[in-house]
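Okay, thanks for coming, everyone. Let me put today's structure up on the screen and then walk you through it.

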Amino acid sequence: MGKVSKNAKVNRGAQKLLCSCGGEIQVKAVFENGKLKTHAVCSKCKKTGRRPKDLF
Ligand SMILES: [Zn+2]
């Protein structure tokens, strides 16, 4: 019986990320100079980072 292959990269968006302060991290994609960049912002302490991992 064949198994359905799962794509592990599809969990973007459904994941809840928490900042080191306990606040929820919101990831936003913005266009900057024609390039798509992601910004991670904590909804509690307003700390920002390029990636959600920067706020851990
Ligand atoms: Zn925070």
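**A walk through the model**

So, of the contacts in this protein with a separation of 6 or more, 20% come from residues 24 or more positions apart. Before anyone asks: yes, this is a predicted model.

Let's do the overall fold. We've got 0 helices and 4 strands, and along the sequence that simply reads β-β-β-β. The strands form an open sheet in the order β1-β2-β3-β4, with antiparallel pairing. Out at the edges sit β1 and β4, residues 48-49, and each of those pairs on one side only. If you look at where β3 meets β4, there are 2 bridges between them, and the two strands run antiparallel. One residue to click on there is Ala40, whose bridge partner in β4 is Gly49.

Now, surface and interior. The chain has 56 residues, and 16% of them count as buried. The exposed area is about 5,200 Å², with carbon and sulfur atoms supplying 51% of it. As for what's inside, the largest nonpolar core has 6 residues: Leu17, Cys19, Ile25, Ala40, Cys42 and Leu55. So Ala40, the one I just had you click on, belongs to that core as well.

Okay, on to the metal. Which residues coordinate the zinc ion? That would be Cys19, Cys21, Cys42 and Cys45, each through SG, at 2.3 to 2.4 Å. The spacing of those donors in sequence is C-x1-C-x20-C-x2-C. Take Cys21 and Cys42 from that set: Cys21 is in the loop between β1 (17-18) and β2 (24-32), while Cys42 is in strand β3 (residues 35-42), so this pair ties together parts that are 21 residues apart in sequence.

And why do I call the site tetrahedral? Because the 4 donor atoms around the zinc ion subtend angles of 102 to 119°, and the cut-off for calling four donors tetrahedral is that all angles lie between 85 and 135 degrees. For reference, the ideal angle for four tetrahedral donors is 109.5 degrees.

Are Cys21 and Cys42 buried or exposed? Cys42 is buried, at a relative accessible area of 0%, whereas Cys21 comes out at 33% relative accessibility, so it counts as partly exposed.

Last stop, Cys19, which is both a zinc donor and a member of the core. Leaving out residues up to four places away in sequence, Cys19 touches Ile25, Cys42, Cys45, Lys47 and Leu55. Among those neighbours, Cys42 and Cys45 are zinc donors too, and Ile25 and Leu55 are in the core.

That's my tour, over to you.

Terms used: Residues numbered from 1 in each chain as written. Predicted model: local features only at pLDDT ≥ 70, side-chain atom pairs only at ≥ 80, totals over all residues. Heavy atoms only, no water. Buried < 20%, exposed > 50% of the residue type's maximum accessible area, 1.4 Å probe, protein only. Contact = heavy atoms within 4.5 Å. Areas by Shrake-Rupley, 256 points an atom, 1.4 Å probe, with all protein chains shown as cover. Core = buried A, V, L, I, M, F, W, Y, C linked by side-chain atoms within 4.5 Å. Donors = N, O, S within 2.8 Å, 3.2 Å for Na, K, Ca; no water. Tetrahedral: all angles 85-135°; square planar, octahedral: opposite > 155°, others 65-115°. Pairing = 2+ DSSP bridges.
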